[in-house]
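Trainee: Could you show me how to read nonpolar cores and cavities in a protein model?

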There are 2 protein chains.
Amino acid sequence: MTVHPPQNPTGVLSSHRATLAELGERAVVERLVLPRLQSRNSLGDVIGDDCALTEPPGPDEVVVSTIDPCPRPVVFDFREPDYLSYGWLTAVINLSDLAAVGATPTGLLVSTVMPGDMTVHAYDRFLQGLAEACRTWSCPVLGGNIKDGPEFTATAAATGRVRADRVLRRTGAAPGDLLCVVGEPGLFWAAVLRALYRPDVPRLTAADAAALEAALTRPVARVPEGIRLAATGAVSCCTDASDGLGAALDELARVNGLDAVVDSAALLPGPAARKVAAALGVDPRALALSWGDWELVCGIAPGRLAAVRAALAPIPVHAVGEFRPTAGDGRLLLGEDGRARPVADFGSRRFDARSSFTHGLEPYAELLVHGELYDTGVADRQ
Amino acid sequence: MTVHPPQNPTGVLSSHRATLAELGERAVVERLVLPRLQSRNSLGDVIGDDCALTEPPGPDEVVVSTIDPCPRPVVFDFREPDYLSYGWLTAVINLSDLAAVGATPTGLLVSTVMPGDMTVHAYDRFLQGLAEACRTWSCPVLGGNIKDGPEFTATAAATGRVRADRVLRRTGAAPGDLLCVVGEPGLFWAAVLRALYRPDVPRLTAADAAALEAALTRPVARVPEGIRLAATGAVSCCTDASDGLGAALDELARVNGLDAVVDSAALLPGPAARKVAAALGVDPRALALSWGDWELVCGIAPGRLAAVRAALAPIPVHAVGEFRPTAGDGRLLLGEDGRARPVADFGSRRFDARSSFTHGLEPYAELLVHGELYDTGVADRQ
């Protein structure tokens, strides 16, 4: 497909009020999508045919793939929407799944449904965020689809490649394996609660503020960390925290048939989230267990932790607990004062009255501010 | 992930009125999705990790991929919705893109957004249609995502493999190449118009009626035909008719910088569509140019047609016209009485008042019944 550089004879692109319906499908592709996303690989132009073409992985590698619809960014609920965050998040949620299996990205496909009265400016910001995230993690945008419809939605699919004998899987943990977290938990909801309740947060540095802002608008996919974890060969199980760190730990426990016993003291988030939590009187561990950040959560045999840390340096690997034989079905327990107690569910559950993507921010924010950290309806285990 | 066979202790699955919200996310996956879609390949269970795993293609092959959101089936506008068609169509629109490049399917990923009050029965029909279409064209369902939201939507992404030197592309046509169609055009809108206007259609056989019904509820993706076309090495350009046969011919003309001159007499659809067209007084070529059927449209050098036909037998390859040097930008022209005249636009255009997916059936049905076959606003070419 011939690519024309963006032109603007009618001025429609220069007005922030111009809409997609004024451009029409072909012009949206040629004047917005291609200039932002066009790329080539050794097989030629990537966008233009019915399918995208990618080179095969190496002979000892497998192809991995994932699909995720992007939720409307939570930040849109309390700030003037900037679609750059929407495009960025659309890439991150899929790239994070590649990271969780230790894969190197080979491409992203993106399907967007757009109302005709969406502004050209907003859609262009979406494309810009998408392109920036894909550049950040070296993942070409291979193509996609656009369609008109009543409200904006974006769904992407990612492909990657990984050595067959090094794929990180959810299952494979053994009792005694350390529970480790790569990435900083708690920032996202600290940032949301700060924006909602505007507490006075003493000693918040510029770095803290930047970390909180980035968690809201440009969360991080742990792609290079996943690749390096896979290369160590030392990871017994892994997933990403797409439904929350608490939900990820609980899921690993469940599918491995083991309890995931986390040391309450080790679960403290970093300084920015801790300062916001203190100002609001919120338990900082509730923030750490929540969703919105994109950590990798994995099991590592104790004897291998030092090697894994060396492989990931300078990115820290937080050892927060260990897998233990279960007396029941396998679940997340929080260890404190010699007891291991079931934790309240801080996951992002679909078909749940707390789902902020369906019901707005308040139910989940209330849970964090006023809810219990422990699941008081369940008997403790010693 | 351990698969539990569907169980129904509470009876929630046996009632046609039970909703997804009554089941909750985990039960939807374990009791609906896995029993319908679970599969294994040599790498283990396909569904359960953060990414799906597929074996690499052969060393001389490339990976191809595509993504498409499924429009709400048109048949839902005038019949009690059966989500089996929705699931089937979700697979077909993506598999058809694989067919268009000559690829062998390696997997489908499916993302659905479902309202909590959607019935378990309706979602299960969706999964059943998806599974049946994937079985029909030997494409494993690799995984996907479910999410709650205000209305049902489905988006899928497909991956496949094809020999690098045999990929069917949209570009590559030469003047004199024959325009060929694989698949039967016109059935879909013949079926819709028959349902809408209920004309008396004389001599409609049981086979005709079955063909019309299948076009509405179980359209065909030309996957084996695409694979065989690619193997001939005789195809100079190819696409599928996802936006309509007229739009596909026009697109091939445009991207190849040639006119696509179609013989008006050769464009007649098969008997079922012709009978409906006659009963309604509609030009049958308008039905043939419309969207809703999933033909492959390709260019073939005249000397290679016999070989291609032999390779695809017993599936017919219709030669409907030829590529010619253009006096303008390259477009679809209809040849009749020694003249080549521009054709009205029967494509499915996004951001267009005729888009039936946004505006309902009537505008497009009106275009077919009362519109002009030729584009009368454009001067003819000799």
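Mentor: Happy to; we will take the cores and then the cavities of this predicted model.

Trainee: Which residues have the most contacts inside the largest nonpolar core?

Mentor: The general idea is that in soluble globular proteins, nonpolar side chains tend to be buried together. Here the largest such core has 124 residues, and those with the most contacts inside it are A:Tyr123, A:Phe126, A:Trp189 and A:Phe346. Helix H3 (residues 83–100) of chain A gives the largest share of this core, 11 residues.

Trainee: Where does this core lie with respect to the domains of chain A?

Mentor: It lies between domain 1 (20–164) and domain 2 (168–370) of chain A, because both give residues to it. Apart from it lies another core, of 123 residues, including B:Val92 and B:Leu267.

Trainee: What does A:Phe126 touch?

Mentor: Leaving out residues up to four places away in sequence, its contacts include A:Tyr83, A:Thr90, A:Val110 and A:Phe152.

Trainee: Now the empty space: how many cavities of 30 Å³ or more does the structure hold?

Mentor: In general, rolling a probe the size of a water molecule over the atoms shows where empty space is left. This structure holds four cavities of that size. The largest has a volume of about 60 Å³, and the second largest about 50 Å³.

Trainee: Which residues line the largest cavity?

Mentor: Among them are A:Val63, B:Val63, B:Glu55 and B:Arg161. Strand E7 (residues 153–163) of chain B gives the largest share, three residues. The lining divides into four nonpolar, four polar and two charged residues.

Trainee: And which strand gives the most to the lining of the second largest cavity?

Mentor: That is strand E7 (residues 153–163) of chain A, with three residues. The lining of this second cavity includes A:Glu55, A:Arg161 and B:Val63.

Key
Residues numbered from 1 in each chain as written. Chains lettered and ligands numbered in written order. Predicted model: local features only at pLDDT ≥ 70, side-chain atom pairs only at ≥ 80, totals over all residues. Heavy atoms only, no water. Core = buried A, V, L, I, M, F, W, Y, C linked by side-chain atoms within 4.5 Å. Buried < 20%, exposed > 50% of the residue type's maximum accessible area, 1.4 Å probe, protein only. Helix = DSSP H or I, 4+ residues; strand = E, 2+ residues; numbered from the N terminus. Domains from an automatic or database assignment. Contact = heavy atoms within 4.5 Å. 1 Å grid on protein atoms, 1.4 Å probe; cavity = no way out; pocket = protein on both sides within 12 Å on 5 of 7 lines; lining within 4 Å. Points joined across faces, edges and corners; volume = space filled by probe spheres on them. Nonpolar A, V, L, I, M, F, W, Y, C, P; charged D, E, K, R; others polar.
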